[in-house]
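Reader: Please take me through the strands of this model and the side-chain contacts around them. Keep it brisk, and give the cut-offs as you go.

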Amino acid sequence: IIKDIEHRIGWCYNGIEFIKTPLKCSIENLGDSINSSYPEYSPVITADETTLMFTSRRKGTGGSDNRTLDGSFYEDVWQSNKLPDGKWGEAHLLSKAINTYEHEATIGLSANGQKLFLYKDDQGNGGIYESDLNGDDWQTPEKIGEGTISDINSLAWETHACITADGQTLYFTSDRKGGFGGRDIYRAVKLPNGSWSMALNLGPKINTPYDEEAPFMHPDGVTLIFSSKGHKGMGGFDIFFAQKNDSGWTDPANIGYPINT
């Protein structure tokens, strides 16, 4: 408890420091074509910034009766396309091949928009699934690594995933045993036979005794953006970035205030 209190006091001091040098940026709500009175989260976007997919718990697949025990709607995947005037078009439910009467959540999208990564509950052991776009149709999601040597999906909780622009490396989060604490970021590489390798922890430069989440590898192939409750944060999850070089990873840097608060 004392250690946790000291960590939270550190957040306060960091916050004082970051607020003194705010980023020159604007933060805008995407508007009611995307957002509703229900939760919207985990947005993913194509590299050309024309297609946005996200998770929402509004009335979706199954209609008004498809609710959890607490009365909330199940998670569904929604899509919006950018209009010629630069605004986002009205969001619509993604394919019935993706959305079922259970939870489906967006966690990653390939740079070309042809491969979508999803989180599915799996009776409490969350797993990572992928679906490919074939023409205009999304294929039924399949669990990554199923039937191969890969241990990307385990009996632990895998929550987020992203793929590099060249399709050769997958970064994902898991709270499996053997990590540095909480959820850690791992990677797997594509083998010559087309399957994924065993998972490798990114190490203590990236992972902390606290939770790391939501990895996103920039199309440049070297800049990793992720969320963490560790490192030099200012409260809860903050967004950080680190760069890969010949000797490993640079020290993660806080992306700054007011993106982080």
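Author: Start with the sheet. Four strands form an open sheet in the order S1-S2-S3-S4, with antiparallel pairing. Strands here are DSSP runs of E, at least two residues long, and helices are runs of H or I with at least four residues; both are numbered from the N terminus. Two strands pair if DSSP finds at least two bridges between them. The edge strands, S1 (40-45) and S4 (92-93), each pair on one side only.

A word on the basis. This is a predicted model, in which local features need pLDDT of at least 70 and side-chain atom pairs count only at pLDDT 80 or more, while totals for chains, interfaces and linings use all residues. Residues are numbered from 1 along each chain as its sequence is written, and side-chain values use heavy atoms, with hydrogens and water left out.

Now the strands inside the sheet. S2 (residues 51-56) and S3 (residues 76-81) run antiparallel and are joined by six bridges. Phe54 stands opposite Trp78 in S3. On to S4: two bridges join S3 to S4, again antiparallel. There, the bridge partner of Trp78 is Leu93. Five of the six residues of S3 are buried, so S3 is largely enclosed by the rest of the structure. Buried means under 20% relative accessible area, exposed means over 50%, and partly exposed lies in between (1.4 Å probe, protein chains only).

Edge strand S1 has a backbone feature. Ser42 lies in S1. Ser42 has a positive phi of about 55°, although it is not a glycine. Most residues other than glycine have a negative phi, and most peptide bonds are trans. Ala214 also has a positive phi, near 50°. Ala214 is placed in strand S14. At 29% relative accessibility, Ala214 counts as partly exposed. One peptide bond to note is that from Tyr257 to Pro258, which is cis, with omega near 10°. Pro258 is found in the segment after strand S18 (253-254).

Next, the charged contacts. Side chains of opposite charge can pair when their charged atoms come close. The structure holds eleven salt bridges, each a side-chain nitrogen of Lys or Arg within 4 Å of a carboxyl oxygen of Asp or Glu. One of them joins Lys115 to Asp132, with the closest N and O atoms 2.6 Å apart. Lys115 lies in strand S6 (residues 115-120) and Asp132 in strand S7 (residues 127-134), so the pair ties together parts that are 17 residues apart in sequence. Asp132 is partly exposed, with a relative accessible area of 35%. Lys115, Glu130 and Asp132 are linked in a network of salt bridges.

Arg183 has two acidic partners to follow. With Asp211, the closest N and O atoms are 3.8 Å apart. Arg183 lies in the loop between strand S11 (169-174) and strand S12 (184-189), and Asp211 in the loop between strand S13 (200-201) and strand S14 (212-217), so this salt bridge ties together parts that are 28 residues apart in sequence. Arg183 is buried at 12% relative accessible area, and Asp211 counts as buried at 16%. With Glu213, the closest N and O atoms are 2.6 Å apart. Glu213 lies in S14 and Arg183 in the loop between S11 and S12, so the pair ties together parts that are 30 residues apart in sequence. Glu213 is buried, as is Arg183.

The strands flanking that Arg183 loop also carry a ring contact. A ring pair is described by the distance of the centres and the angle of the planes. The structure holds four aromatic pairs. Rings of Phe, Tyr and Trp (its six-membered ring) pair if their centres lie within 6.5 Å; planes under 30 degrees apart count as stacked, over 60 as edge-to-face and the rest as tilted. Phe172 and Tyr186 are stacked, at 5.7 Å centre to centre and 20° between the planes. This pair links distant parts of the chain, Phe172 in S11 and Tyr186 in S12, 14 residues apart. Both rings' residues, Phe172 and Tyr186, are buried. Phe226 and Phe240 are stacked too, at 6.1 Å centre to centre and 25° between the planes. Phe226 is in strand S15 (residues 223-228) and Phe240 in strand S16 (residues 238-245), 14 residues apart.
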